[in-house]
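Reader: Hi! I'm new to reading protein structures. Could you walk me through one?

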Amino acid sequence: METNKNDGRIRDFFQANKRDIPDNGFSGQVRRRLPTGTFRRRVFVMSLILIGAVYFAIFGFGLPHGISDIASRVAGIQEPPLGLLLNSILATLSVLAVSYTVLEIICSEDRTKSF
Amino acid sequence: MLVTRVAVLGDKRAFDVLVLRYQSPLRRFFLNLTLGDAVLSDDLSQDTFIKAYTHIASFRGSARFSTWLLRIGYNVYYDHLRKEKEKEHVPLDHILWKSDGKNGANTDKNMDIYTALRELKEEERTAVLLYYMEDMKQEQIARVMDCPPGTVKTYLHRAKEKMGTFLKKDNYGNE
């Protein structure tokens, strides 16, 4: 059929004109333009989340008494060494860190959403 | 895995690998879209990669990374067109034909494809390049162009008619 012949002709034409483009320093130019500080910021946020998660796993914060009790025994620690105040500060920091990460993901969507 | 490293840790080395892997198809897409303007297509490609890096957290993995990247590229291209059209009395044709001839752009043997693509409207050009040159399916093209697959089909149909006429005039494929 004429349509299929046309389609084949067009495909052949485009494939014949398909060229690989050598890098020639292009990726280096992109690298130099990338924003700085993202890595350090993300390591910082992930560290906060990890510290908070480990601390709560051991000492609990709103966890059932039995679980924090078991965790304390496994870790060999009888009671939170730093007190309730630091516990609260770490809780707040961890919640902030998680919220910040979630907000960053949501706010970066704009026209790249739904992928 | 690479995308995860970039998204979670901002790993620039992992992003380097992605740039090396996708720079050729992306730059080729822009080179053809801009009818051979190598300088402009490289600028647009760089802007696309920068945006991809800063918005990598929004990539969900439900489509291929290349599709997502081209989606960003498509938006970058149209932002550029809008800015150029806002500048008064700058004919689009004049802008599009700037080239220093590097990367095989605007040389005699490429003139045919740019001449052929010039016959098409922007949306038709985009659809036809993604379909025939980058071998994408219509559903993927629809995601890149953010339109229904039926609309992509319409663009391709119109483009095919124009391209068919052009190639017949040129006697292409009849040797």
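**A chat about the model**

Author: Happy to! Let's begin with chain A: contacts between residues 24 or more positions apart make up 68% of its contacts with a separation of 6 or more. Keep in mind that this is a predicted model.

Reader: Okay! How many helices and strands does chain A have?

Author: Chain A has 5 helices and 0 strands. Following the sequence, the pattern is α-α-α-α-α.

Reader: And how much of chain A is buried?

Author: Of the 115 residues in chain A, 30% are buried. The accessible surface of chain A is about 7,600 Å², and carbon and sulfur atoms account for 66% of that area.

Reader: Since it's predicted, what is the average pLDDT of chain A?

Author: The average for chain A is 71, with 53% of the residues scoring at least 70. Confidence in chain A is highest in helix α2 (residues 26-33), at 93, and lowest in helix α4 (residues 65-75), where the mean is 57. Over residues 109-115 of chain A, the pLDDT is below 50. That stretch still has 24 contacts in the model beyond near neighbours in sequence.

Reader: Good to know. Changing topic: how many aromatic pairs are there over all chains?

Author: A search of the whole structure gives 13 aromatic pairs. One of them joins F59(B) and W68(B): the ring centres are 5.3 Å apart and the planes meet at 50°, so this pair is tilted. F59(B) and W68(B) are both buried.

Reader: Why do you give both a distance and an angle?

Author: Because a pair of aromatic rings is described by the distance of the centres and the angle of the planes.

Reader: Does W68(B) come up again? What about its pair with F65(B)?

Author: For F65(B) and W68(B), the centres are 5.5 Å apart and the planes are at 45°, so that pair is tilted. Both residues sit in helix α4 (residues 65-86) of chain B, 3 residues apart, which is about one turn of the helix.

Reader: Are those two buried or exposed?

Author: F65(B) has a relative accessible area of 8%, so it is buried. W68(B) is at 0% relative accessibility and therefore counts as buried.

Reader: What does F65(B) touch?

Author: Setting aside neighbours within four places in sequence, F65(B) is in contact with V3(B), L18(B), Y22(B), I56(B) and F59(B). F65(B) also stands out in the largest nonpolar core, which has 65 residues: F14(A), F15(B), F49(B) and F65(B) touch the most other members.

Reader: I see F14(A) there. Which residues share a ring cluster with F14(A)?

Author: F14(A) is linked by ring pairs with F13(A), Y131(B) and Y132(B) into a cluster. Y131(B) has another partner too: the charged end of R11(A) sits over its ring, 5.2 Å from the centre.

Reader: And Y132(B)? Which residue of chain A touches it, leaving the rings aside?

Author: D7(A) touches Y132(B), and K160(B) as well, not counting residues up to four places away in sequence. D7(A) is in helix α1 (residues 2-16) of chain A. With a relative accessible area of 17%, D7(A) is buried, because the cut-off for buried is under 20%.

Reader: Nice, that helps! Now chain B: where is T126(B), and what does it touch?

Author: T126(B) lies in helix α7 (residues 122-133) of chain B. Not counting residues up to four places away in sequence, T126(B) touches F29(B), L33(B), Y74(B) and M145(B). Its relative accessible area is 0%, so T126(B) is buried.

Reader: What about T34(B), where is that?

Author: T34(B) is in the loop between α2 (12-33) and α3 (38-54) of chain B. T34(B) has a relative accessible area of 0%, so it is buried. The C-alpha atoms of T34(B) and L117(B) are separated by 9.4 Å, while the two residues are 83 residues apart along the chain.

Reader: Last one: what is phi for D135(B) and for D146(B)?

Author: Phi of D135(B) is near 55°, a positive value in a residue other than glycine. D135(B) is in the loop between α7 and α8 (138-145) of chain B, and at 44% relative accessibility it counts as partly exposed. Phi of D146(B) is near 55°. D146(B) is in the loop between α8 and α9 (149-169) of chain B, and at 57% relative accessibility D146(B) counts as exposed.

Note on methods:
Residues are numbered from 1 along each chain as its sequence is written. Chains are lettered from A and ligands numbered from 1 in the order in which they are written. This is a predicted model: local features need pLDDT of at least 70, side-chain atom pairs count only at pLDDT 80 or more; totals for chains, interfaces and linings use all residues. Side-chain values use heavy atoms; hydrogens and water are left out. Rings of Phe, Tyr and Trp (its six-membered ring) pair if their centres lie within 6.5 Å; planes under 30 degrees apart count as stacked, over 60 as edge-to-face and the rest as tilted. Buried means under 20% relative accessible area, exposed over 50%, partly exposed in between (1.4 Å probe, protein chains only). Helices (H or I, at least four residues) and strands (E, at least two) are DSSP runs, numbered from the N terminus. A charge sits over a ring if NZ of Lys or CZ of Arg is within 6 Å of the ring centre and within 35 degrees of the ring normal. pLDDT is the predictor's confidence in each residue, from 0 to 100. Contact means heavy atoms within 4.5 Å. Accessible areas come from the Shrake-Rupley method with a 1.4 Å probe; for residues, only the protein chains shown count as cover. A nonpolar core is a set of buried Ala, Val, Leu, Ile, Met, Phe, Trp, Tyr and Cys residues joined through side-chain atoms within 4.5 Å.
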